[in-house]
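Me: I am new to this structure and would like a close look at a single part of it, with enough of the surroundings to place that part. Please take it slowly and connect each piece to the next.

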Amino acid sequence: MKKIALVALTALLAASCASKKDLDAALEKQQKTQELLDSATVKLNACLTDEKVAAAQLEALRAQVADLRANNQELINNTGNLTTLSKKGAENLEKSLESLREKDLQIRSLNDAISRKDSVTLALVQSLKGSLGNLNDEDISINVEKGVVYVSISDKLLFASGSDRINSKAKSVLGKVATVVNDKPEIDIMIEGHTDDQSISTVKFQDNWALSTARAASVTRVLQNEFNVDPKRMTAAGRSYYVPVASNDTAEGRAKNRRTRIIVLPKLDQFFDMVEKGMEEAKANAKAGN
């Protein structure tokens, strides 16, 4: 009888170990799948942008073709001979060709700038995931929407109910985010506070506007004072309960809506400087006939 019990116990332990291995494998597969999804999202946004640029390029080419046809008809009317081009017609044709070359090079330059921006976004997502570690925690999430990176942290992790004071556990998370931000001087961030729609009225907080704004400011101060994030790179904003991500009709939905969101903002002036430089180079190359 004892031998039978020992055999059963051994089988049970083996099954338990196998189940843990299966669970670990599933979790690892889930994380890899999420990384692939984020990468695909960035690439999809790039493709959508490329589609818009291509449509603009097609419209510009159609306009150029119309101009060329008009010039050609003018030459026919003036000379009556398709084999003879007047000096004026030749100059107009050369200008049209130069304009076409310039527009093509400008579009290519814009595509290159957008591709570089998307590469920076993807690298930023990977840096945040590597810094934050285990993203299976339901209190932390990283998303990419229309080329913008969002880090969402639940208020359950950051604050006590009705308070804007950050707890010690949350500071370690903010410290990891600050490490990535400090390593990427080309980005700015906006810290947004969000609440559920349950009314609040205390001596300190008149309403949800006051609470959400105070919480955003608290996160901003910690990033500045304890982790040396440059204050000129940060904006604190309160959104009250007007930008929910779930229904406020259930406790679970309200919990999702109570969150602080860190939005990574690309420095658009740098992006447009890069585009402008590319446009100038395209114009010079077009005149040179490249």
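Reply: A residue counts as buried when its relative accessible area is under 20%, and as exposed when that area is over 50%. With that cut-off, Asp196 counts as buried because its relative accessibility is 7%, and this residue, which lies in the loop between β3 and α5, is a good place to begin. The model is a predicted one, and its confidence varies along the chain, as described further on.

The side chain of Asp196 makes a polar contact with the side chain of Arg258, at 2.6 Å, and also reaches the backbone nitrogen of Gln198, at 3.0 Å. Once residues up to four places away in sequence are set aside, Asp196 touches Asn208, Tyr241, Asn248, Arg254, Asn257 and Arg258.

Thr195 lies in the loop between β3 and α5 as well, and it counts as buried because its relative accessibility is 5%. The side chain of Thr195 is joined to that of Asn208 by a polar contact of 3.2 Å. Leaving out residues up to four places away in sequence, Thr195 touches Asn208, Leu211, Ser212, Ser240, Tyr241, Asn257 and Arg258. Asn208, Tyr241, Asn257 and Arg258 therefore appear among the partners of both loop residues, given that contact means heavy atoms within 4.5 Å.

One of the residues touched by Thr195 is Ser240, which is placed in the loop between β4 and α6, the latter covering residues 251–257. Ser240 counts as buried, because its relative accessibility is 2%. Its phi is near 55 degrees, a positive value in a residue other than glycine. Most residues other than glycine have a negative phi. Asn228 also has a positive phi, of about 60 degrees, although it is not a glycine, and its place is in the loop between α5 and β4, the strand of residues 234–238. Asn228, however, counts as exposed, because its relative accessibility is 63%.

The loop that holds Thr195 and Asp196 leads into α5, and several of the residues named so far belong to that helix. Among the buried residues of α5 are Asn208, Leu211 and Ser212, each of which is touched by Thr195; further along, the buried residues of this helix include Val219, Val222 and Leu223. At the start of α5, a side-chain oxygen of Asp207 reaches to within 3.2 Å of the backbone nitrogen of Trp209. The helix has 18 residues, which at 1.5 Å a residue should span 26 Å, and its end C-alpha atoms are 25 Å apart, which agrees. Among the elements of the chain, α5 (residues 208–225) has the highest mean pLDDT, 96, while helix α7 (residues 268–288) has the lowest, 55.

From α5 the picture extends into the largest nonpolar core, which has 28 residues, and of these Ile153, Leu174, Ile191, Val219, Leu223 and Ile262 touch the most other members. At least two residues of this core come from each of β1, β2, α3, α4, β3, α5 and β5, and the largest share, six residues, is supplied by α4. Leu174 shows how these elements meet: apart from neighbours within four places in sequence, it is in contact with Ile153, Leu158, Ile166, Val219, Val222, Leu223, Phe227 and Ile262.

Leu174 is one of the buried residues of α4, which also include Ala170, Val173, Val177 and Val181. The N-terminal end of α4 is capped by Asn167, a side-chain oxygen of which lies 3.2 Å from the backbone nitrogen of Lys169. With its 16 residues, α4 reaches 23 Å from its first C-alpha to its last, close to the 22 Å expected at 1.5 Å a residue.

To set this part within the whole, the chain has seven helices and five strands, which follow the pattern α-α-β-β-α-α-β-α-β-α-β-α along the sequence. Buried residues make up 33% of its 290 residues, and residues 24 or more positions apart account for 72% of the contacts with a separation of 6 or more. The accessible surface comes to about 17,900 Å², of which 56% belongs to carbon and sulfur atoms. As for confidence, the chain averages a pLDDT of 75, and 60% of the residues score at least 70.

Methods: Residues are numbered from 1 along each chain as its sequence is written. This is a predicted model: local features need pLDDT of at least 70, side-chain atom pairs count only at pLDDT 80 or more; totals for chains, interfaces and linings use all residues. Side-chain values use heavy atoms; hydrogens and water are left out. Helices (H or I, at least four residues) and strands (E, at least two) are DSSP runs, numbered from the N terminus. Buried means under 20% relative accessible area, exposed over 50%, partly exposed in between (1.4 Å probe, protein chains only). Accessible areas come from the Shrake-Rupley method with a 1.4 Å probe; for residues, only the protein chains shown count as cover. pLDDT is the predictor's confidence in each residue, from 0 to 100. A nonpolar core is a set of buried Ala, Val, Leu, Ile, Met, Phe, Trp, Tyr and Cys residues joined through side-chain atoms within 4.5 Å. The expected span of a helix is 1.5 Å times one less than its number of residues. A polar contact is a pair of N or O atoms within 3.5 Å; within protein, one must be able to donate a hydrogen and the other to accept it, and residues adjacent in sequence count only if both atoms are side-chain atoms.
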